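Thanks for sharing this one with me. Below are my notes, set out point by point so that you can follow them with the structure open.

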Amino acid sequence: MARVTVEDCVDKVENRFELVLLASHRARMISSGSQLLVERDRDKNPVVALREIADEMFAPEDLKEELIHSLQKYVEVDEPEEDAVPLIGTSVGSVDDNEVQFDRMSEDDLLRGLEGLVPPAASDDDD
């Protein structure tokens, strides 16, 4: 049988770099025990992979998706977001005016609170 060439495959795959990626991925699949789609004819795995691409035994887009999936280390799973956790120092129920809420205190609230403070009484030990 005649040898497969890059020109036989380049019209099936967009560019030569992508062809090399797909053929090498398919050759690794064959090495790991994947079913051959063409006869081997004493060819090595990369040549068999190129022959499969040239004979259009599978869609290049499918092989491309398999390649991407094999390279992924983390697959993101959509999970529902958890409810907001209440902040420390706040209560979930009703809010009293006397209760301190650090996450909602404005500068004016802080100044009003400082105005109500009484300075400590002077003691005889300070002199």
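The points below go from the overall fold to the core, the charged pairs, the loops and the surface.

1. **Status of the model and overall fold.** Please keep in mind throughout that this is a predicted model. The chain has five helices and zero strands, and in sequence order this reads α-α-α-α-α. Of its 127 residues, 20% are buried. Among contacts with a separation of 6 or more, 47% join residues that are 24 or more positions apart. The accessible surface is about 10700 Å², and carbon and sulfur atoms account for 53% of that.

2. **The largest nonpolar core.** This core has 17 residues, and the members touching the most others are Cys 9, Val 13, Leu 19, Leu 22, Ala 49, Ile 53 and Leu 63. At least two core residues come from each of helix 2 (16-31), helix 3 (45-54) and helix 4 (60-71). Helix 2 is the biggest contributor, giving six residues.

3. **Ile 53 as a way into the core.** If you would like one residue to start from, try Ile 53, one of the core members with the most contacts to other members. Leaving out neighbours within four places in sequence, Ile 53 is in contact with Cys 9, Lys 12, Val 13, Leu 19, Leu 22, Ala 23 and Phe 58.

4. **Helix 2.** How many residues does helix 2 have, and how far does it reach? It has 16 residues and spans 22 Å from its first C-alpha to its last, close to the 22 Å expected at 1.5 Å a residue. The buried residues of helix 2 are Glu 18, Leu 19, Leu 22, Ala 23, His 25, Arg 26, Ala 27, Met 29 and Ile 30; charged residues are on that list along with nonpolar ones such as Leu 19 and Ile 30. The cover over these buried positions includes helix 1 (6-10), helix 3 and helix 4.

5. **Val 48.** This residue belongs to helix 3. Val 48 is classed as buried because its relative accessibility is 0%. Beyond the residues up to four places away in sequence, Val 48 touches Ile 30, Leu 36, Val 38, Arg 40 and Asp 43. Its C-alpha is 7.2 Å from that of Val 38, with the two positions 10 residues apart along the chain.

6. **The Arg 51 network.** Seven salt bridges turn up in the structure as a whole. Three residues, Asp 41, Asp 43 and Arg 51, are linked in a network of such bridges. Arg 51 and Asp 43 meet at 2.7 Å, N to O, and both of these residues are buried. In the case of Arg 51, the class follows because its relative accessibility is 5%. Arg 51 also pairs with Asp 41, where the closest N and O atoms are 3.7 Å apart. That second pair links distant parts of the chain, with Asp 41 in the loop between helix 2 and helix 3 and Arg 51 in helix 3, 10 residues apart.

7. **A salt bridge between sequence neighbours.** Asp 11 and Lys 12 also form a salt bridge, with 3.3 Å between the closest N and O atoms. Asp 11 is exposed, at a relative accessible area of 56%, whereas Lys 12 is partly exposed, at 23%. Lys 12 is also on the contact list of Ile 53.

8. **Two backbone angles to look at.** Which sign does phi have at Asp 41? It is positive, at about 50°, although Asp 41 is not a glycine. Asp 41 counts as partly exposed because its relative accessibility is 40%. Glu 56 likewise has a positive phi, near 55°, and is a residue other than glycine. Glu 56 sits in the loop between helix 3 and helix 4 and is exposed, at 55% relative accessibility.

9. **A nonpolar patch on the surface.** Lastly, Met 105, Leu 110, Leu 111, Leu 114 and Leu 117 make a nonpolar surface patch of about 480 Å². Leu 114 lies in helix 5 (residues 107-115). Leu 114 is partly exposed, with 47% relative accessibility.

Conventions
Residues are numbered from 1 along each chain as its sequence is written. This is a predicted model: local features need pLDDT of at least 70, side-chain atom pairs count only at pLDDT 80 or more; totals for chains, interfaces and linings use all residues. Side-chain values use heavy atoms; hydrogens and water are left out. Patches are made of residues with over 30% relative accessible area and no salt bridge: like charges are joined within 9 Å, nonpolar side chains (Val, Leu, Ile, Met, Phe, Trp, Tyr) within 5 Å. Accessible areas come from the Shrake-Rupley method with a 1.4 Å probe; for residues, only the protein chains shown count as cover. A salt bridge is a side-chain nitrogen of Lys or Arg within 4 Å of a carboxyl oxygen of Asp or Glu. Helices (H or I, at least four residues) and strands (E, at least two) are DSSP runs, numbered from the N terminus. Buried means under 20% relative accessible area, exposed over 50%, partly exposed in between (1.4 Å probe, protein chains only). A nonpolar core is a set of buried Ala, Val, Leu, Ile, Met, Phe, Trp, Tyr and Cys residues joined through side-chain atoms within 4.5 Å. Contact means heavy atoms within 4.5 Å. The expected span of a helix is 1.5 Å times one less than its number of residues.
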